[in-house]
Amino acid sequence: MTIHKHTEIPGVDTINNYIGQTPPKTVDIGAVAMKALQQAQTIGLHKWMAIIPYCVVCKEPLIWVRNSKLLFKCPKCGMEWHKNGNWNEEIKGILEKHGK
Ligand SMILES: [Zn+2]
């Protein structure tokens, strides 16, 4: 009988750093991408899991910003995630797709 040894990895260690790359100061995110992230979070919640965005450079959970063009910021390196320039058009598309 073969015994398979399993390996346990702390979740934060599954984050792949961009080794040797300089991270941008800001990252643009579209409304469609944010919607997909929110859907993943909702699915996770229904399975008793929190899906939380982390900075891949610092492996730190991001600070969420509400009611702003700024969506997230890293508490360690200061990198920021902003709504992209097509945000409002993408929101309209999402709402039309869902018949609202
Ligand atoms: Zn960071």
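Helices (H or I, at least four residues) and strands (E, at least two) are DSSP runs, numbered from the N terminus. With that in mind, welcome to the close-up views. This is a predicted model, in which local features need pLDDT of at least 70 and side-chain atom pairs count only at pLDDT 80 or more, while totals for chains, interfaces and linings use all residues. Residues are numbered from 1 along each chain as its sequence is written, and side-chain values use heavy atoms, with hydrogens and water left out.

**View 1. Four cysteines hold the zinc ion.** The zinc ion has as its protein donors the SG atoms of C55, C58, C74 and C77, at 2.3 to 2.4 Å. Donors here are N, O and S atoms within 2.8 Å of the metal (3.2 Å for Na, K and Ca); water is not among the atoms, so sites may look incomplete. The arrangement is tetrahedral because the 4 donor atoms subtend angles of 104 to 114 degrees around the zinc ion. Four donors count as tetrahedral if all angles lie between 85 and 135 degrees. For comparison, the ideal angle for four tetrahedral donors at a metal is 109.5 degrees.

**View 2. The zinc donors come from separate stretches of the chain.** Along the sequence, the donor residues follow the spacing C-x2-C-x15-C-x2-C. C58 sits in the loop between strand 2 (54-55) and strand 3 (60-61), and C74 sits in the loop between strand 5 (70-73) and strand 6 (80-83), so this pair, 16 residues apart, links distant parts of the chain. C55 is buried at 0% relative accessibility, where buried means under 20% relative accessible area, exposed over 50%, and partly exposed in between (1.4 Å probe, protein chains only). C74 is buried too, at 4%, and C58 is buried at 16%. A search of the whole structure for disulfides finds 0; a disulfide is a pair of cysteine sulfur atoms within 2.5 Å.

**View 3. Helix 1 turns one face inward.** Helix 1 covers residues 31-46, and its end C-alpha atoms lie 22 Å apart, which agrees with the 22 Å that its 16 residues should span. That expected span is 1.5 Å times one less than the number of residues. Its buried residues are A31, M34, Q41 and G44. They line one face of the helix, because they fall within an arc of 135 degrees seen down the axis; the arc is that of the directions from the helix axis to the C-beta atoms. These buried residues pack against strand 1 (26-29), strand 4 (63-64), strand 5 and helix 2 (87-97), with contact meaning heavy atoms within 4.5 Å. On the other side of helix 1, I43 and H46 are exposed.

**View 4. Two loop residues, W48 and K59, have a positive phi.** Most residues other than glycine have a negative phi. W48, which is not a glycine, has a positive phi of about 65 degrees. W48 lies in the loop between helix 1 and strand 2 and is exposed, at 83% relative accessibility. K59 has a positive phi near 55 degrees. Look for K59 in the loop between strand 2 and strand 3, where K59 is partly exposed at 26%.

**View 5. N67 is an exposed loop residue.** N67 is found in the loop between strand 4 and strand 5, with a relative accessible area of 84%.

How values were computed. Four donors count as tetrahedral if all angles lie between 85 and 135 degrees; four count as square planar and six as octahedral if opposite donors are over 155 degrees apart and all others between 65 and 115; anything else is irregular.
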